[in-house]
Amino acid sequence: MTDSRGAATALVGGSASRHWRSLARRGMLFSECESIDHVVLEKGSVHRSDPDAGTEYLWYVVSGDATFRADPEERESPVRAGHVVLVPAGTAGRLLSLSTTEIIVITCVPDAVARRLPPRAPSLEAPARGIPTATNVDHIAYTVPDLDEAVRFFVDVLGADLLYREGTIRSDDDEWMREALNVHPRATADIAMLRLGPVTNIELFEYTAPDQNRTMPKNSDHGGHHLAFYVRDIDEAAAYLRKQPGVQLLGDPRSVTTGPIAGDRWLYFLTPWGMQMELISLPAHLPYERDTPRRRFGPCAAWSQFSDGEGPA
């Protein structure tokens with residue numbers, strides 16, 4: 001979704017009204033959909049259809065209360081959460097918010113027009129480099145000394161959702177564990193999968209193995225690692241972690257003053273079992289963005305805004 005200040009539909013009234021437009025524009029969708037917009041209207045704001053655009057509108061009221069009028073001569077009809085308003089092409093519809101009102105707006109080419117357009121199907125371009133058919137990173141995995149303790153910490157302190165746990169994986173009479181997982185053939189593993197925020201799946205392993213190294217790696221060691229959390233207020237987040245039993249903060253938040261990420265504020269911390277993690281907070285724009293169109297992912301709008309449209313399992 002992109003913040004669309006110059007959207008085709010008109011917003012008047014409350015200055016803090018927000019309008020977000022989907023990147024899935026016409027030509028990128030299989031149907032003849034022009035756009036899918038998410039609009040939040042403050043009390044007293046007005047959302048209008050464009051009678052000259054030649055498109056039909058579907059307004060779905062997610063929350064709030066409003067009134068709808070399709071013509072200046074008609075009386076206003078009340079609408080509320082769960083209502084759907086259909087606005088035919090050429091109609092000057094108006095939605096007046098009586099409270100903070102959230103709506104989804106779908107704009108479509110009329111069926112009679114769509115039937116005259118040439119057929120179109122979406123195409124998926126092969127990546128220029130990388131793994132063929134890859135679409136996303138599925139999960140990140142960590143080995144922990146105590147799976148029960150780690151799951152409790154991720155859920156209770158870090159806000160993860162436990163999706164499932166697997167039974168013990170082992171192989172007592174062949175080399176399967178070495179061949180498939182690159183561990184000792186008599187190793188065993190217990191596994192849990194968690195959903196951590198809007199885009200990250202975390203897999204936790206608890207291994208036993210005759211040749212197991214039980215020392216947590218430092219960042220400077222080969223295999224060293226850390227897990228970073230974007231926060232809007234790093235001081236508030238640090239204060240929260242200081243109160244958590246067993247958590248060790250490595251000082252106070254620090255600032256990057258030069259280089260490609262000047263403005264970054266960060267702080268490392270250790271979990272009760274010694275795993276390294278980080279808090280990070282970034283300004284809206286970073287210096288490196290002047291030199292490339294590529295961007296870091298994030299931040300997301302909210303921890304609970306799941307990218308697949310679904311909540312945790």
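## Around helix α4

Let's start with what sits over helix α4: the cover on its buried residues includes strands β17 (248-249), β19 (265-270) and β20. The buried residues in α4 are Ile234, Ala237, Ala238 and Leu241. Viewed down the helix axis, these buried residues fall within an arc of 100°, so they line one face of α4. The spacing makes sense, because an α-helix has 3.6 residues a turn and residues three or four places apart point the same way.

The start of α4 has a contact to look at too. There, a side-chain oxygen of aspartate 233 comes to within 3.1 Å of the backbone nitrogen of aspartate 235. Please keep in mind that this is a predicted model.

## The largest pocket

Helix α4 also turns up in the lining of the largest pocket, which has a volume of about 1,200 Å³. Of the 37 residues lining this pocket, Phe229, Tyr230, Val231, Pro299 and Cys300 are the closest to its centre. Three elements each give two or more residues to the lining: β16 (227-230), α4 (234-242) and β20 (276-281). Strand β20 therefore has two roles here, as part of what covers the buried residues of α4 and as a contributor to the pocket lining.

What classes of residue make up the lining of the largest pocket? There are 27 nonpolar residues, along with four polar and six charged ones.

## The protein as a whole

Stepping back, the protein has four helices and 20 strands. Of its 313 residues, 33% are buried. Among contacts between residues at least 6 apart in sequence, 60% join residues at least 24 apart.

Notes: Residues numbered from 1 in each chain as written. Predicted model: local features only at pLDDT ≥ 70, side-chain atom pairs only at ≥ 80, totals over all residues. Heavy atoms only, no water. 1 Å grid on protein atoms, 1.4 Å probe; cavity = no way out; pocket = protein on both sides within 12 Å on 5 of 7 lines; lining within 4 Å. Points joined across faces, edges and corners; volume = space filled by probe spheres on them. Nonpolar A, V, L, I, M, F, W, Y, C, P; charged D, E, K, R; others polar. Buried < 20%, exposed > 50% of the residue type's maximum accessible area, 1.4 Å probe, protein only. Arc of directions from axis to C-beta. Contact = heavy atoms within 4.5 Å. Polar contact = N/O pair within 3.5 Å; in protein donor to acceptor, adjacent residues only side chain to side chain.
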